[in-house]
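I opened this notebook to record what I looked up in one structure, entry by entry. The entries follow the order in which I consulted the coordinates.

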Amino acid sequence: MTVVAVEAVVLDMDGLLIDTEPVWRVASAAVFAGLGIVLSEQDLLDSTGQPIEELIPVWRRRSPEGVHGAPAVGARLSDDEVADLIVDQVIAHVKAEGEPMPGVTAAVARFRRYGLRLAIASSSPRRLIDAVCDRLGLDGIAVRCSAMDEARGKPAPDVYLTAARKLGVAAAACLALEDSPNGVASAKAAGMRCVAVPDPLLAGHPRYGEADLILRSLTDLDDAVLRHLGVQGR
């Protein structure tokens with residue numbers, strides 16, 4: 001069977017380009033605590049890679065009812081307002097302390113040397129994607145896709161299919177890089193090859209086995225790895 005050459009790389013963001021997954025967990029737990037809802041560490045880990053807009057209504061159902069039928073704690077806030085509170089905290093962290101994950105700068109430079117088109121396909125809202133690109137000097141990545149603009153978030157393939165369409169490349173000619181099990185499932189469902197760089201807290205998750213290759217870090221991504229995955233030329 002002929003293997004389609006890789007023409008483009010589609011990058012996840014949180015946990016792959018920048019270490020914001022712990023920040024998301026802390027911010028989500030803090031905001032929901034203010035609504036009277038306690039999120040466990042497992043709740044937060046299981047949600048890694050999913051859009052916050054999909055999680056908020058699920059988590060809000062746990063809100064305790066007020067005394068004598070009074071509105072539950074935080075009922076005056078809409079789901080969008082709750083999401084904004086969480087995202088604002090993550091953006092503040094990115095602007096103040098955000099640093100690229102190990103190997104990111106070299107990997108992006110390597111992709112560009114190979115002439116590969118680049119896109120971001122993230123579960124985060126566009127304003128956070130823009131903040132990360134500004135902080136990490138990734139302004140050259142113009143195709144930035146948010147799963148919050150899709151009918152379904154990861155693990156559905158929608159955001160990856162949109163990225164391929166905007167790049168003008170068939171999904172089968174795209175290589176996805178992901179750190180979360182939900183993200184790996186999303187990329188593979190889109191028909192892309194996928195490299196997983198597992199979140200250490202989720203390393204045992206069986207969905208990582210769906211990836212075409214698992215790396216400990218992007219520092220392990222070299223020319224031999226790219227050739228193995230179907231990247232040609234230089």
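**Entry 1: helix α3**

I began with helix α3, residues 52–60, and listed its buried residues as Ile52, Leu55, Ile56, Trp59 and Arg60. Viewed down the axis of α3, these buried residues fall within an arc of 120 degrees, so they line one face of the helix. I noted the general rule that an α-helix has 3.6 residues a turn, so residues three or four places apart point the same way. I then looked up what covers the buried residues of α3, and found that the cover includes α1 (21–34), α2 (41–46) and α4 (79–97). I record here that the model is a predicted one.

**Entry 2: the aromatic pair**

I searched for aromatic pairs and found that the structure holds one. Its members are Phe32 and Trp59, arranged edge-to-face, with 5.4 Å centre to centre and 90 degrees between the planes. Phe32 belongs to helix α1 and Trp59 to helix α3, so the pair ties together parts that are 27 residues apart in sequence. Are the two residues buried or exposed? I find Phe32 buried, and Trp59 likewise. Trp59 also stands in my list of the buried residues of α3.

**Entry 3: α4 against α6**

I turned next to α4 and helix α6, the latter spanning residues 126–136. Their axes come within 9 Å and cross at roughly 5 degrees. That angle makes α4 roughly parallel to α6, because angles under 35 degrees count as such. On the α4 side, I list Asp84, Val87, Asp88, Val90, Ile91, Val94, Lys95, Ala96 and Glu97 as making the contact. On the α6 side, the contact is made by Arg127, Leu128, Ala131, Val132 and Arg135. Sorted by class, the contact of α4 with α6 has eight nonpolar and six charged residues, with no polar ones.

**Entry 4: helix α8**

How many residues of α8 are buried? I count helix α8 (residues 181–189) as mostly covered, with seven of its nine residues buried. The buried ones are Pro181, Asn182, Gly183, Val184, Ala185, Ser186 and Ala187. Their cover includes α2, α7 (158–167), β4 (174–178) and β5 (193–196). After α8 comes Gly191, and I noted that its phi is positive, near 90 degrees.

**Entry 5: two residues of α7**

I looked up Val159, which is in helix α7. Val159 counts as buried, at 1% relative accessibility. Leaving aside neighbours within four places in sequence, I find Val159 in contact with Ala121, Ser122, Cys145, Ser146, Ala147, Glu150, Lys154 and Ser186. One of these contacts, Ser186, is also among the buried residues of α8. Val159 and Ser146 are 13 residues apart in sequence, and their C-alpha atoms are 6.6 Å apart in space.

Thr162 also has its place in helix α7. I record Thr162 as buried, because its relative accessible area is 10%, and buried means under 20%. Not counting residues up to four places away in sequence, Thr162 touches Cys145 and Glu150. Cys145 and Glu150 appear in the contact list of Val159 as well.

**Entry 6: a cis peptide bond**

Which form does the peptide bond from Lys154 to Pro155 take? I find this bond cis, with omega near 20 degrees. Pro155 is in the loop between β3 (143–146) and α7. Lys154, on the other side of the bond, is one of the residues in contact with Val159.

Conventions:
Residues numbered from 1 in each chain as written. Predicted model: local features only at pLDDT ≥ 70, side-chain atom pairs only at ≥ 80, totals over all residues. Heavy atoms only, no water. Buried < 20%, exposed > 50% of the residue type's maximum accessible area, 1.4 Å probe, protein only. Helix = DSSP H or I, 4+ residues; strand = E, 2+ residues; numbered from the N terminus. Arc of directions from axis to C-beta. Contact = heavy atoms within 4.5 Å. Axes fitted to C-alpha atoms, helices over the stretch in contact; angles between N-to-C directions. Parallel < 35°, antiparallel > 145°, perpendicular 65-115°, else oblique. Nonpolar A, V, L, I, M, F, W, Y, C, P; charged D, E, K, R; others polar. Phe/Tyr/Trp six-rings, centres within 6.5 Å; stacked < 30°, edge-to-face > 60°.
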